[in-house]
Amino acid sequence: MEVRDKEGLEAESPSAESLGMEELYQNYKGYAFSIAYRMLGVVADAEDAVQDTFAELQRRDRSGIQNIKAYVAKGVTNRCLNMLNSARSRRETYIGEWLPEPVSTGYDGPEAEAERKDSLSYAFLVLLERLAPTERAVFVLREAFQYDYEEIAGMVGKTESNCRQIFSRAKRTLQAERAATSPSPSPGYGAVKENLLRRFTAAFTSYDVGGMLKLLGEHPVLVADGGGQEVHTILRPMTGRKGVLALLTSRRVMHYLREWEQHYGIVNGEPGLIFTHQGEIKGVICLIPDRSGEQIQNIYLMMDPAKMSRITVHPETPRS
């Protein structure tokens, strides 16, 4: 099996035997985490999967491993599949909506340049939640990491033909919703999104009904994650302009967000709105624009305290 360098050209991965364990870990932990985080959507779980992968690698005889990068990818993928199957039952009893954990950085190592950056976006992570564990694994390995079907088959224990079918099915599952927004950044996308975020912040903080109405798309959706029972927030997604507008301009609902300090920051590689109180990260809002870039399609509000530890704020405070 061959791997690809950052220009997309094929390059031989060094053998496990030619590198020491510490060097293997330093060279490939970022790559393993990149796969695990996209698979699991939780930083701590992704880190556990990475640690378990390298612990197993340290225990085994590495002389027979010809392609260490492929071996690491397979190992971390299998551990993520086991964790996803276990997590599904826990999330079924989760009070309210469950959203992936946002991060301020991609935790990318030397392999980062070979990855598609839009596969780290929050929109992409939310879409992946629609997929069953094996579908998610195949889709991530193919869409984000450009593995061919023969390689993926060896990693997930399926035939090449099955992997093609699984990928096609996963892509169909996501296509309709993905087409409604613009999760694949184009040149200037960051500036467009930051402008939308500034307009949203100004309307939100001033209870500007007219301004917010201009910002909302035809069928906006607001989803919040308060961490199950930990934080009182919206338990079910709100859909439609009337309901979303009422929530965002209400003087009773989510009033605490306006009492906290607001900052701009980079969340999953894109501009996001971060709320702090006395130096503590309290919440994050990610906006997903519609195709025009002028209106908002989806709003994701994360307030689970357990999911705030990997967020850092930009020194600038939003201007209204």
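Which residue in strand 8 does Ile285 stand opposite? The residue is Leu301.

**View 1. Pairing of strands 7 and 8 in a predicted model.** This is a predicted model, in which local features need pLDDT of at least 70, side-chain atom pairs count only at pLDDT 80 or more, and totals for chains, interfaces and linings use all residues. Residues are numbered from 1 along each chain as its sequence is written, and side-chain values use heavy atoms, with hydrogens and water left out. Strand 7 (residues 280–289) and strand 8 (residues 296–302) pair in the antiparallel sense over six bridges. Strands (E, at least two residues) and helices (H or I, at least four) are DSSP runs, numbered from the N terminus; two strands pair if DSSP finds at least two bridges between them.

**View 2. The open sheet and its edges.** Six strands form an open sheet with the order 4-3-8-7-6-5 and mixed pairing. Strand 4 (238–239) and strand 5 (261–267) stand at the edges with a single partner strand each, so one side of each has no neighbour in the sheet.

**View 3. Helix 8 across the sheet.** Helix 8 (residues 189–205) lies across strand 5, strand 6 (270–277), strand 7 and strand 8 (contact: heavy atoms within 4.5 Å). Helix 8 runs at about 35 degrees to strand 6; axes are lines fitted to C-alpha atoms, for helices over the stretch in contact, and angles run from 0 to 180 degrees between N-to-C directions.

**View 4. Crossing of helices 1 and 2.** The axes of helix 1 (residues 21–40) and helix 2 (residues 43–59) come within 8 Å and cross at roughly 140 degrees. Residues that meet include Tyr25 and Phe33 in helix 1 and Val50 and Phe54 in helix 2.
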